[in-house]
Amino acid sequence: MAVCARLCGVGQSRRCRRRQRHGQHDQHGSDSEMDMDEEEGEKIVGETRGSGSGGGWLQSRATGPSEAAAASAGTQSPQSLLDLPPELLVEIFSTLPGIALPSLALVCKKFRQILSTETIWRRRCIEEFGMKDDLRKMEVVGVSSRELYVKRVNPRVKSGRFMKLLPDYEHMDYRDVYTHLLHPYRHILGLWQPDIGPYGGLLNVVVDGLFIIGWMYLPPHDPRVEDPMRRRPLFRIHMWERNKATVECMYGHKGPHKGDIQTVKKDEFSTKCNQTDHHRMPGGRQEEFRTWLEEEWGRTLEDIFHEHMQELILMKFIYTSQYDNCLTYRRIYLPPCLPSDLLQPGLFKGTYGSHGLEIIMLSFHGSRAKATKLTGDPNVPAGQLTLDIDLSHPVQLPDLEHQRSIEELSRLVMGVHEEVQRGSQGPAAASANAEEGSSGAEGSDATPSSDAEAGEAGAGAASSSPESQPFILPLGVMARNEVYPRTCKMCFYGTGLIAGHGFTSPERTPGLFVLFDDDRFGFIWLELKSFSLYSRLTDQLEHAQAPSMERFEAMLRNMQSWTS
């Protein structure tokens, strides 16, 4: 019995209980078998290993000759799954995907009964969706609705704004959670970009305890680019009744209220608020604007002296508030990582002058590195290629004294720029450049082997330079961050996208890409005489990896078409 309990990890098997009930009857037979010598016991163990059945596996794991003999006595080896003890069937069924279990329950009554075991569904919730909270534990410790809401959704909310937020989970089990919550809404887990005109955004939908929550990621307050990201819940889904999931809108300042989620098509869904009056504040639009300004920018209107910046902020408030959380979201992926990449690709937050901090996605395509906007502004909207770095053209910085001169830096970068332009004048290079330009306008590159080799050669040449070198911004170059790294690893020629209001007259202007370390880089815009500092977004983002490089590049092309 002890052997079966140890093997199954659940309890005694049916055969063990049968032997216990008939202990007196089987005692003499067991005693005689225990007298077997060691050689005969080893022979039995070897035969049961070769049989390949479930019973043989159990007998082959016996720790001694007497146990092997006892396990082989009385019954024959199972011939099908139906002959296995329930404990083993629970363990086997727990490893199957949850979507296959309903079909398995149609096989027979025994399987249907076993598939009602909580252990199976709890394991599926944990392994497939990362669910960590224990339903039974919540009942025991008596976690209140208020405490759970404060912990998971809005730690700063005041006590007077609460309503009944969660149902009683006493009669709910993991099968209900899996069947009516996790599995039906599995397609919305991951990273999404909301359609908010030129501003875009970053939404991460995750399983958080007994909720599915859509978190909107916001950059830190300008210009603290190295601060952690801020999060705001836009919607949540949870089990209000045993067999029904409820969608709630979290936008506004009056707590959760009725909402709805609709799947538009593959990799696209939309949210709708059914009680938009919850978004209004007693003081009207003026109070809403002041509250939004404090949350979005961390300051009051009196703190903003620049008239142009005031116009940009007011324009964003008017544009974004009109949606009332009725938005369409399109799926986005994190860029794949290759061993030849200059640094680990991913998401970064960077400074963009009066527009504040914005989120970009850095990816590598052979000899080029690309930074695509996830959040944008009226000049260069979200989805556009803000930086295009040529890794085959490294730039060697002069000494500190000459780095202070913007003329010296411009001479170096423009020299490389002219070299690139001359290299694209030949017939073959011109056709390749045209092909590159068309794919670049869509946000993705074809990646010829020659480009990849050039990129690896450029990265290799740069990596052979000193580990770090002194760096200082030239005089006259504006920077939102007065504190920036004073050493860098390497620099490359690149171009940045600039445009007029409304994305008019867009053009690519030469600049300098500066790699500081694995988590920070910068870009000097020569024409604008400004400097942007970028810092890595370190949040763990689940269900966001691209299935393949082809799918990722197709996503980049679609992102540009959304805002072009």
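1. Let me start at the C-terminal end: Met555 is in contact (heavy atoms within 4.5 Å) with Arg331, Ile332, Tyr333 and Met361, leaving aside residues up to four places away in sequence. Met555 sits in helix α20 (residues 549-563); helices here are DSSP runs of H or I with at least four residues, strands are runs of E with at least two, and both are numbered from the N terminus. Met555 has 4% relative accessibility and so counts as buried, where buried means under 20% relative accessible area, exposed over 50% and partly exposed in between, with a 1.4 Å probe and protein chains only. Along the chain Met555 and Tyr333 are 222 residues apart, yet their C-alpha atoms are separated by 7.7 Å.

2. Some housekeeping. This is a predicted model, in which local features need pLDDT of at least 70 and side-chain atom pairs count only at pLDDT 80 or more, while totals for chains, interfaces and linings use all residues. Residues are numbered from 1 along each chain as its sequence is written, and side-chain values use heavy atoms, with hydrogens and water left out.

3. The overall picture: the chain has 20 helices and 19 strands. Of its 564 residues, 48% count as buried. Among contacts between residues at least 6 apart in sequence, 61% join residues at least 24 apart.

4. Now the strand I'd look at in the viewer, β3 (residues 211-218). Eight of its eight residues are buried, so β3 is largely enclosed by the rest of the structure. Phe211, Ile213, Trp215 and Tyr217 point one way, Ile212, Gly214, Met216 and Leu218 point the other way, and all are buried.

5. What does β3 pair with? Strand β2 (residues 203-208) runs antiparallel to β3, with six bridges between them; strands count as paired if DSSP finds at least two bridges. Val207 is opposite Ile212 in β3. The two strands make a hairpin with two residues in between, and Gly209 in the turn has a positive phi of about 65 degrees.

6. On to the cores, each a set of buried Ala, Val, Leu, Ile, Met, Phe, Trp, Tyr and Cys residues joined through side-chain atoms within 4.5 Å. The largest nonpolar core holds 44 residues, and Leu182, Ile188, Ile212, Phe235 and Ile237 have the most contacts inside it. Helix α13 (residues 174-182) gives the most to this core, with five residues. Another core, apart from that one, has 24 residues, including Leu357, Ile406, Val514 and Phe531. In soluble globular proteins, nonpolar side chains tend to be buried together.

7. Phe235 deserves a click. Not counting residues up to four places away in sequence, its contacts include Ile188, Leu203, Val205, Ile212, Cys249, Met250, Ile261 and Phe269.

8. Ile261 belongs to strand β6 (residues 257-265) and, at 12% relative accessibility, counts as buried. Ile261 touches Ile188, Phe235, Ile237, Val247, Phe269, Ser270 and Thr271, again without residues up to four places away in sequence. From Ile261 to Cys249 the C-alpha distance is 9.7 Å, with their positions 12 residues apart in sequence.

9. The partners of β6 come next. Strand β5 (residues 244-249) pairs with β6 in the antiparallel sense over two bridges, and Cys249 has His257 in β6 as its bridge partner. Strand β7 (residues 268-273) is also antiparallel to β6, joined by six bridges, with Ser270 of β7 as the bridge partner of Gln262. The β6 and β7 hairpin has two residues between the strands, and Asp267 takes a positive phi near 60 degrees.

10. How do α10 (residues 118-129) and α13 meet? Their axes come within 7 Å and cross at roughly 40 degrees; axes are lines fitted to C-alpha atoms, for helices over the stretch in contact, and angles run from 0 to 180 degrees between N-to-C directions. The two helices are therefore oblique to each other: under 35 degrees counts as roughly parallel, over 145 as roughly antiparallel, 65 to 115 as roughly perpendicular and the rest as oblique. Trp121, Arg122 and Phe129 of α10 are among the contact residues, as are Tyr178 and Leu182 of α13.

11. Helices α14 (residues 284-297) and α15 (residues 307-321) have axes that come within 11 Å and cross at roughly 110 degrees, which makes them roughly perpendicular. Their contact includes Phe289, Trp292 and Leu293 of α14 and Ile313, Leu314 and Phe317 of α15.
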